[in-house]
2 protein chains.
Amino acid sequence: MSKYNMRDVAKLAGVSIATVSHTINNTRSVSERSKSKVLTAIDQLGYSPDVFARGMRTGKKNIIGFIVPDISNKYFATIIERVEDVISDKGYILTILNTKEDPAREIEHVRYLVSGVVDGLLIASTLEDIGDLRAMLPDGLPVVLVDRKDESARYDSVVVSNYQALYQGVRRLVKDGHRRIGYVAGMPRLSTTKERLGAYVQAMKDCSVPLEEGFVQYGNSMQESAYSCMGELMGKNCTAIAVSNGQMSLDAFEYACANGLEIGRDVDLLCFSDFDNTLVKYFPMYVVSQPVKDLGYLAGKQILARIENESAPVREVLLCGAFFSKNDPKEF
Amino acid sequence: MSKYNMRDVAKLAGVSIATVSHTINNTRSVSERSKSKVLTAIDQLGYSPDVFARGMRTGKKNIIGFIVPDISNKYFATIIERVEDVISDKGYILTILNTKEDPAREIEHVRYLVSGVVDGLLIASTLEDIGDLRAMLPDGLPVVLVDRKDESARYDSVVVSNYQALYQGVRRLVKDGHRRIGYVAGMPRLSTTKERLGAYVQAMKDCSVPLEEGFVQYGNSMQESAYSCMGELMGKNCTAIAVSNGQMSLDAFEYACANGLEIGRDVDLLCFSDFDNTLVKYFPMYVVSQPVKDLGYLAGKQILARIENESAPVREVLLCGAFFSKNDPKEF
DNA sequence: AAATCTTATAAAAACGTTTACGATTTTCCA
DNA sequence: TGGAAAATCGTAAACGTTTTTATAAGATTT
């Protein structure tokens with residue numbers, strides 16, 4: 001089975017190349033006789049149309065790109081899965097580019113994808129400034145921002161706000177008797193980091209709990225990075241620690257285990273759970289749970305909608321995380 | 001910033017379209033004068049070459065496809081990440097198709113990808129018979145099988161054998177006093193399932209431990225499927241249970257927690273750990289650890305090598321899992 | 001039987017590149 | 001200064017589709 005083209009099919013079927021195209025695409029009436037001849041010829045040669053040639057001619061690529069910061073982070077893996085679900089129903093395939101949280105890599109990937117490769121683009125950007133993105137994106141290209149808002153309201157976005165849930169969680173820690181509450185933040189440049197940190201700070205303030213120097217530690221959400229933050233915070237005699245994303249929550253758990261701290265007794269943990277997380281179900285942790293599957297689903301739907309109708313008004317989808325206290329049953 | 005083509009660049013620069021192409025690709029000498037004119041024109045228009053047109057003309061797509069059974073399974077997510085690492089160094093981008101363990105979806109995806117979309121293809125197949133794959137794959141297409149051998153030795157493969165490790169693990173369970181050892185197997189059609197089951201059976205036999213009816217339960221490695229298997233096995237008064245992949249190991253752990261079983265006392269678990277798994281480090285479990293990062297790395301290298309030299313002899317890369325007993329330090 | 005309309009087909013242009021081929025200019029040396 | 005060699009460049013063909021335009025055949029109406 002090597003590569004044949006339409007000409008080969010046409011010759012074998014004894015019809016013109018145009019007829020072959022039209023029978024394949026049902027794009028104008030073809031006599032039964034010709035149609036069957038073409039179909040058997042296609043079958044016989046194992047022919048399938050060249051995707052690149054078709055893409056070039058029609059401008060339609062049937063590809064949607066997704067730029068993610070970290071593909072092996074289960075948070076994004078789950079989003080990706082849902083997106084793929086949604087768009088593959090409509091005949092699109094998904095091309096994934098991994099930036100590894102590296103802005104330079106992200107720019108490189110965007111540059112590549114926009115040069116006529118995709119029909120639409122999902123971006124979970126790690127860029128400090130969305131403006132940098134805007135400069136690279138061609139005017140007509142459908143784009144949906146995932147997990148990241150666009151202040152200029154130029155692109156659709158699907159984000160989840162954890163402000164309320166985290167605020168509530170920190171207040172609950174105070175209510176349960178904690179005064180020394182540490183916080184492990186994500187990368188400073190991300191909007192989610194700022195939002196969540198704001199929730200923590202506001203909750204502390206509203207509860208009139210002093211926020212000591214060093215109570216806020218910055219991790220980078222890559223594997224193991226929060227481990228050392230935990231060390232710092234425990235060194236400051238924190239009795240509870242809030243951790244601001246799923247990946248780092250695992251690190252925090254690991255730190256506790258490794259240092260013989262019993263969670264719920266020696267230290268309380270307010271964690272993020274991005275998915276079906278076994279840990280948070282069976283250990284007495286406070287949890288902010290993110291509707292990550294919905295996030296993926298809605299992101300997929302949104303890019304399809306945008307491709308369908310490029311001139312629809314910009315849409316911002318906002319989901320909310322939910323807070324569960326340490327003894328709540330965690331049904332999510 | 002809308003779409004320009006070479007003709008636009010050529011006109012603006014006052015040179016021919018060929019000169020533009022050649023300056024872009026460094027494919028023949030161009031005078032400094034022309035070169036700089038072209039470069040500024042490109043910059044001015046924000047031009048970048050159309051990937052599809054180029055792909056059609058040259059036949060080179062710079063895309064490698066990866067067909068995976070379950071993208072949100074951390075085992076595969078990790079492999080994917082490593083593969084992307086390796087191939088993006090060489091200028092390739094990765095297109096990922098998720099089959100959700102569904103053979104029909106896999107076939108659909110393969111059909112799509114082989115029609116001139118990719119320069120090479122990685123497949124972690126869930127098909128019962130690799131022969132079905134072979135029938136669809138064009139002759140010249142570079143293909144590497146991941147996590148799955150090809151009995152006909154027609155395609156390169158990168159697989160990890162856990163026979164030894166699992167065999168060793170089961171024997172160790174016996175040595176530590178267990179007689180009633182249950183087994184949670186994966187999907188029957190997979191070669192890895194057969195291999196691992198073989199290791200368990202052989203170990204039991206070699207230790208002269210009777211293998212009772214119902215000691216082997218089949219899960220499907222999707223979320224939660226091993227949960228019910230655990231129920232069955234505990235109902236048969238097993239004192240130890242071996243679980244044959246990473247995803248299902250998490251289920252088993254969850255089952256134990258949910259039912260108030262303390263691991264290492266009420267029941268012993270022989271688990272698979274596909275990655276940096278916090279659980280297995282801090283609970284007294286027996287563990288088979290898979291070199292999953294190496295697997296991804298080698299798979300990426302192999303597809304590049306195959307693209308580079310299509311006529312090189314077929315290569316089978318075989319990695320081995322490692323066994324750790326429940327009180328060993330788990331440094332992996 | 002001529003004229004018209006419908007249907008089926010073929011021929012050819014176009015998409016945006018790369019590249020083979022040929023042409024022109026420049027450089028260099030006798 | 002003449003001419004050969006080297007350097008530079010432009011024209012046009014090709015890649016495999018889709019789609020427009022033109023044509024031929026068959027069916028229907030006048």
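Here are legends for a few close-up views of this predicted model.

**View 1. The protein residues around DNA strand C.** There are 29 residues around this strand, and A:Ser16, A:Ser29, A:Ser34, B:Met6 and B:Ser21 come nearest. Sorted by class, the surface near DNA strand C has 12 nonpolar, 11 polar and six charged residues.

**View 2. The helices facing DNA strand C.** Look for helix 2 (17–25), helix 3 (32–45) and helix 4 (51–58) in chain A, plus helix 2 (17–25) and helix 4 (51–58) in chain B: each one supplies at least two residues of the surface near DNA strand C. Helix 2 of chain B gives the most, with six residues.

**View 3. The protein residues around DNA strand D.** Here we have 28 residues around the strand, with A:Met6, A:Ser21, B:Ser16, B:Ser29 and B:Ser34 coming nearest. The surface near DNA strand D splits into 12 nonpolar, 11 polar and five charged residues.

**View 4. The helices facing DNA strand D.** From chain A come helix 2 and helix 4, and from chain B come helix 2, helix 3 (32–45) and helix 4, each supplying at least two residues of the surface near DNA strand D. Helix 2 of chain A gives the most to this surface, with six residues.

**View 5. How chains A and B are related.** Turn chain B by 180 degrees, with 0.1 Å of shift along the rotation axis, and it superposes on chain A with an RMSD of 0.1 Å. That is the relation of a two-fold axis. In chain B, the C-alpha of B:Thr95 is the one nearest the axis, 2.2 Å from it. Both copies use the same surface: 100% of the contact residues of chain B recur in chain A.

Key
Residues are numbered from 1 along each chain as its sequence is written. Chains are lettered from A and ligands numbered from 1 in the order in which they are written. This is a predicted model: local features need pLDDT of at least 70, side-chain atom pairs count only at pLDDT 80 or more; totals for chains, interfaces and linings use all residues. A residue is near a molecule or strand if its C-beta atom, placed from the backbone, lies within 6 Å of it. Helices (H or I, at least four residues) and strands (E, at least two) are DSSP runs, numbered from the N terminus. Ala, Val, Leu, Ile, Met, Phe, Trp, Tyr, Cys and Pro count as nonpolar, Asp, Glu, Lys and Arg as charged, and the others, Gly among them, as polar. Copies are superposed by least squares on the C-alpha atoms of residues with pLDDT of at least 70 in both. Two residues are in contact if their C-beta atoms, placed from the backbone, lie within 7 Å.
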